[in-house]
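Welcome! Here are some exercises to work through with the sequence and the model side by side. Try each task before you read its solution.

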Amino acid sequence: MKTLSENACFGGMQGVYSHTSEACAGDMTFGLFLPPQAKAGPVPVLWYLSGLTCTHENAMVKAGAQAHAAAHGIALVFPDTSPRGEGVADDEAFDMGQGAGFYVNATQKPWADHFRMWDYLADDLPAALADQPLDWDRQAITGHSMGGHGALTLAMGLPGRFASVSAFSPICNPTGSDWGRKQFTGYLGADEAAWADHDASLLMAKAGFDGPVLVDTGTQDQFLDLLRPETLAHAMVQRRQQGAVRMQPGYDHSYFFVSTFMGDHVAFHAEALKR
């Protein structure tokens with residue numbers, strides 16, 4: 001890894017690093033917060049996946065997560081949302097291309113050469129972090145919007161890896177939303193059967209998650225019709241899934257919302273990671 005910056009933060013260290021990813025065929029940047037407890041030995045890991053247009057930096061500087069993570073002795077990983085750079089395909093729309101990888105392995109041109117975010121998060125980035133003081137037997141995952149979609153689908157798609165999963169205003173049913181159908185067609189092709197493994201509501205109905213789930217969405221979220229939280233809630237009730245889908249009155253889609261409930265989410269994961 002190449003160190004881009006390191007700053008003391010709540011008794012620990014907030015670093016930004018880059019490394020070469022085989023899955024994305026290029027260099028990727030990410031943030032890693034190590035709490036003060038990491039000085040004494042490996043600590044559990046909470047992954048935070050960001051939403052459309054974001055980089056590793058948005059949640060790192062806006063979500064207020066480090067204070068809560070330091071209090072619970074948990075490391076935070078902030079990956080980027082897509083491959084970037086010269087020669088990487090892009091689109092003029094904000095919801096496609098760079099900044100909008102949707103956490104899938106693209107199979108269609110021009111995206112297939114670099115947009116393999118599922119493999120990046122499942123394999124490449126953990127390998128790059130192998131020498132860090134992280135307890136790989138205790139992992140949890142969360143995310144916002146497109147990142148909430150990624151957190152939920154990775155948690156259910158990689159059984160046994162994560163002790164818990166949470167999400168802030170996630171895209172819950174991308175196969176039934178314009179935030180999903182457009183991107184899945186572009187990245188995965190027109191065969192909708194290939195989309196099912198990347199739809200949290202369908203995955204919940206099919207297999208569920210082997211741990212607790214926490215989802216928060218604001219009642220004033222300007223993208224509610226695209227997020228479709230009711231589909232995930234219905235699937236969880238049908239499966240009698242351990243967890244909660246909460247509609248928070250008055251909150252929108254912003255990082256003001258995320259930072260308000262970040263403490264709840266970190267504490268939720270801390271409890272699961274003790275088990």
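A residue counts as buried when its relative accessible area is under 20%, as exposed when that area is over 50%, and as partly exposed in between. Keep in mind that this is a predicted model.

**Exercise 1. Sort a ring pair by accessibility**

Task: Find Tyr251 and Phe257, describe how their rings are arranged, and decide whether Phe257 is buried or exposed.

Solution:
- Step 1. A pair of aromatic rings is described by the distance of the centres and the angle of the planes.
- Step 2. For Tyr251 and Phe257 the centres are 6.2 Å apart and the planes make an angle of 50°. Planes under 30 degrees apart would be stacked and over 60 edge-to-face, so this pair is tilted.
- Step 3. Phe257 has a relative accessible area of 0%, so it is buried.
- Step 4. Tyr251 has a relative accessibility of 29% and therefore counts as partly exposed.
- Step 5. Now widen the view: ring pairs join Tyr251 and Phe257 with Phe168 and Phe261 in a cluster.

**Exercise 2. Trace the strands at the start of the chain**

Task: Follow strands β1, β2 and β3. In which sense does β2 pair with β1, and in which sense with β3?

Solution:
- Step 1. Strand β1 covers residues 2-9, and its pairing with β2 is antiparallel, with seven bridges. One place to check is Lys2, whose bridge partner in β2 is Ser18.
- Step 2. Two residues separate β1 and β2 in their hairpin, and Phe10 in the turn has a positive phi of about 50°.
- Step 3. Strand β3, residues 26-34, also pairs with β2 in the antiparallel sense, over nine bridges. Here Val16 has Gly31 in β3 as its bridge partner.
- Step 4. The hairpin of β2 and β3 has four residues between the strands, and Ala25 shows a positive phi near 55°.
- Step 5. Eight of the 10 residues of β2 (residues 12-21) are buried, so this strand is largely enclosed by the rest of the structure.

**Exercise 3. Find a ring pair across two strands**

Task: How many aromatic pairs does a search of the whole structure find? Then look at the pair of Tyr17 and Phe30.

Solution:
- Step 1. The search finds 12 aromatic pairs.
- Step 2. Tyr17 and Phe30 form one that is tilted, at 5.8 Å centre to centre and 40° between the planes.
- Step 3. This pair links distant parts of the chain: Tyr17 lies in strand β2 and Phe30 in strand β3, 13 residues apart.
- Step 4. Both Tyr17 and Phe30 are buried.

**Exercise 4. Look for charged partners**

Task: How many salt bridges are there? Locate the partners of Arg84, Asp113 and Arg246.

Solution:
- Step 1. Side chains of opposite charge can pair when their charged atoms come close. The count here is nine salt bridges.
- Step 2. Arg84 meets Asp80 at 2.7 Å, N to O. Arg84 is partly exposed at 31% relative accessible area, whereas Asp80 is buried at 5%.
- Step 3. Asp113 pairs with Lys109, also at 2.7 Å from N to O. Asp113 is partly exposed at 43%, while Lys109 is exposed at 62%.
- Step 4. Arg246 forms a salt bridge with Asp216, with 2.7 Å between the closest N and O atoms. Arg246 lies in strand β9 (residues 243-248) and Asp216 in strand β8 (residues 213-218), so the pair ties together parts that are 30 residues apart in sequence.
- Step 5. Arg246 is partly exposed at 27%, and Asp216 is buried at 0%. Shared partners join Asp216, Arg246 and Asp264 into one salt-bridge network.

**Exercise 5. Check a helix, then visit a pocket**

Task: What span should the 12 residues of helix α4 have, and which elements give two or more residues to the lining of the largest pocket?

Solution:
- Step 1. At 1.5 Å a residue, helix α4 (residues 146-157) should span 16 Å, and its end C-alpha atoms are 16 Å apart, which agrees.
- Step 2. Of the 12 residues in α4, 11 are buried, including His149, Leu152 and Met156.
- Step 3. The largest pocket holds about 210 Å³ of space. Among its 13 lining residues, Met156, Gly157, Pro159, Leu203 and Ala207 are the closest to its centre.
- Step 4. The elements that give two or more residues to this lining are α4 and α6 (200-206). The largest share, three residues, comes from α4.

Technical notes: Residues are numbered from 1 along each chain as its sequence is written. This is a predicted model: local features need pLDDT of at least 70, side-chain atom pairs count only at pLDDT 80 or more; totals for chains, interfaces and linings use all residues. Side-chain values use heavy atoms; hydrogens and water are left out. Buried means under 20% relative accessible area, exposed over 50%, partly exposed in between (1.4 Å probe, protein chains only). Two strands pair if DSSP finds at least two bridges between them. Rings of Phe, Tyr and Trp (its six-membered ring) pair if their centres lie within 6.5 Å; planes under 30 degrees apart count as stacked, over 60 as edge-to-face and the rest as tilted. A salt bridge is a side-chain nitrogen of Lys or Arg within 4 Å of a carboxyl oxygen of Asp or Glu. The expected span of a helix is 1.5 Å times one less than its number of residues. On a 1 Å grid over the protein atoms alone, a cavity is a set of points where a 1.4 Å probe fits but cannot get out, and a pocket is an open set with protein on both sides within 12 Å along at least five of seven lines; lining residues have an atom within 4 Å of a point. Grid points are joined across faces, edges and corners, and a volume is the space filled by probe spheres set on the points.
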